[in-house]
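Please work through the exercises below with the sequence and the three-dimensional structure open beside you, and try each task before you read its solution.

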Amino acid sequence: MITTNSLRHYHKHLANQALVFVIKDLPFNDTHPPPSSPSWTTEAVIHVLRSISRYSLQSPRSIGCQNGFRHRTPLRQRSLNDEHRKLRNNVLLLGPAAHRDPYKAHLGPDKALEFFRWVEACFEFAHTESTCREMACLLARGDKIKSLWDFLKCMSSKKDSYHSHPLVTTATVTCLIKLLGEQGLANEALLTFYRMKQFHCTPDVHSYNTLIHALCRVGNFTKARFLLEQMELPGFRCPPDTFTYTILISSYCRHGMLTCCRKATRRRLYEAGRLFRLMLFKGLVPDVVTYNALIDGCCKTYRVGRALELFEDMKRRRVVPNRVTYGSFIRYFSAVNEIDKAVEMLRDMQRLGHGIPDSSSYTPIIHALCEAGRVVDAWGFLIELVDGGSVPREYTYMLVCDALRVAGEGGLLDDEVHETIKDGIRKRYRRVMKVKPIMARKGYPEMEER
């Protein structure tokens, strides 16, 4: 019986053999015998395709980064023709395709497609929906849009020999739309959506939601609203649901502050509120994500009265708020120097059990207390943050230490707390940078490595 470790080692061995032919740009034919296997499995083919994708399309800048959520700047619609022109003229390329080796990005998808066809032709391997989806995703990551459409059109006429299911399904095309939207190719995602009938697929509400999200990510609200109006037509087969309105509401609130124009900000927040009222009129129940987007947008535009009304309406509809909900109020009250109300929101979250506060909950309060000269209270909240299992940012930690020294309260600095914070910061640095950082700073002897 083959164990899981043995099977994983076997797949890795096949992937390494295939990568040799990709790196050397050798053809998959009888003249140069490629990696052979007496019985290719679906998992082995998927593992080889993913290995080719990591080798050819992964940017060196993404190696060693943290696994959690990272805030990124808003996407813009990419122009593949302009990117190719910049690469030919050796012009700096920015965006999702930056810091990618052009030769590898061109070679990887082509060799993967050659391997995909070679396995089917030489070993009579029957491709499944999973292998087709992995191959299509690799072409989408490599910006091979024309090759992607030709591949989907070719595979849409075939069926899975085991389950008699089509190899190209609505879920596969929806996954490609999401992937193209994440890379800033919203127009290409829209064209892929309109080609679904050509691929013998019928779009569903999830496909519409994914496409609307892709368009909203690049700020194309006109086409997103057009799709929503199409879904709202009487008798339409895919009527909008809660997620459809939530995507548009959150996008309007998120992009409202990016224009640096008060009129545009008010217009987008008004549109978000109008969609929220329309959502309630249609009998749809908003969830916590919908309320969080509206509350955050109101707090960022200093409309705290409306935000509190939404907070009370949220409780009346028995929608349980979470840490994100309270975090919006905490950041607002800390910014306007109403620290007591921010602390009250923090205590309400702890008392009602609506979330466990972390560094994002304590940091605005600590900074506001330091600016107000209440350094002892700031140190107390910093200790409470560490006791809760979180690690403050290095800037927050240094800010509190400086404020305590200036106020003559340096005796409150506890060595045990210092060691806990420094160890947490070191671990976070090593996890992000994959190297041992030099944390000593001039004037901060407590930050030196021991």
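The exercises that follow go from the whole chain to single pairs of side chains, and then to a surface patch and an annotated repeat.

The structure is a predicted model, in which local features need pLDDT of at least 70 and side-chain atom pairs count only at pLDDT 80 or more, while totals for chains, interfaces and linings use all residues. Residues are numbered from 1 along each chain as its sequence is written, and side-chain values use heavy atoms, with hydrogens and water left out.

**Exercise 1. The whole chain**

Task: Find how many helices and strands there are in the chain, and state what percentage of its residues is buried.

Solution: Begin with the secondary structure, where helices (H or I, at least four residues) and strands (E, at least two) are DSSP runs numbered from the N terminus. The chain has 20 helices and zero strands. Next, take burial, for which buried means under 20% relative accessible area, exposed over 50%, and partly exposed in between, with a 1.4 Å probe and protein chains only. Of the 450 residues in the chain, 46% are buried. Then turn to the surface, whose accessible areas come from the Shrake-Rupley method with a 1.4 Å probe, and for residues only the protein chains shown count as cover. The chain exposes about 24600 Å², and carbon and sulfur atoms supply 54% of this area.

**Exercise 2. Salt bridges within helices**

Task: Examine the salt bridge between E271 and R274, and decide whether E271 is buried or partly exposed.

Solution: First recall the rule, by which a salt bridge is a side-chain nitrogen of Lys or Arg within 4 Å of a carboxyl oxygen of Asp or Glu; the count by this rule is 26. In the pair of E271 and R274, the closest N and O atoms are 2.9 Å apart. Both residues belong to helix α12 (residues 262-281), where they are three residues apart, about one turn of the helix. E271 counts as buried because its relative accessibility is 14%, whereas R274, at 27%, is partly exposed.

Task: Carry out the same steps for the pair D82 and R85, and then for R405 and D402.

Solution: The side chains of D82 and R85 form a salt bridge with an N to O distance of 3.8 Å, and both residues lie in helix α3 (residues 80-88), three residues apart. D82 is partly exposed at 35%, and R85 is partly exposed at 38%. For R405 and D402, the N to O distance is 3.3 Å, and the two are three residues apart in helix α19 (residues 394-406). R405 has a relative accessibility of 36% and D402 one of 28%, so both count as partly exposed. Elsewhere, salt bridges that share partners join R78, E83, R100 and D143 into one network.

**Exercise 3. A patch and a repeat**

Task: Name the residues that make a nonpolar surface patch of about 320 Å².

Solution: The patch is made by V91, L92 and L94. L94 is exposed, because its relative accessible area is 62%.

Task: Describe residues 322-356, one of the spans covered by the UniProt annotation "repeat: PPR".

Solution: The annotation comes from an unreviewed UniProt entry, and such annotations may be inferred rather than shown by experiment. In the model, residues 322-356 are 77% helix and 0% strand, and their end C-alpha atoms lie 9 Å apart. For residues 204-238, also covered by the annotation, the values are 69% helix, 0% strand and 6 Å.

Conventions
Patch = residues over 30% accessible without salt bridge, like charges linked within 9 Å, V, L, I, M, F, W, Y side chains within 5 Å.
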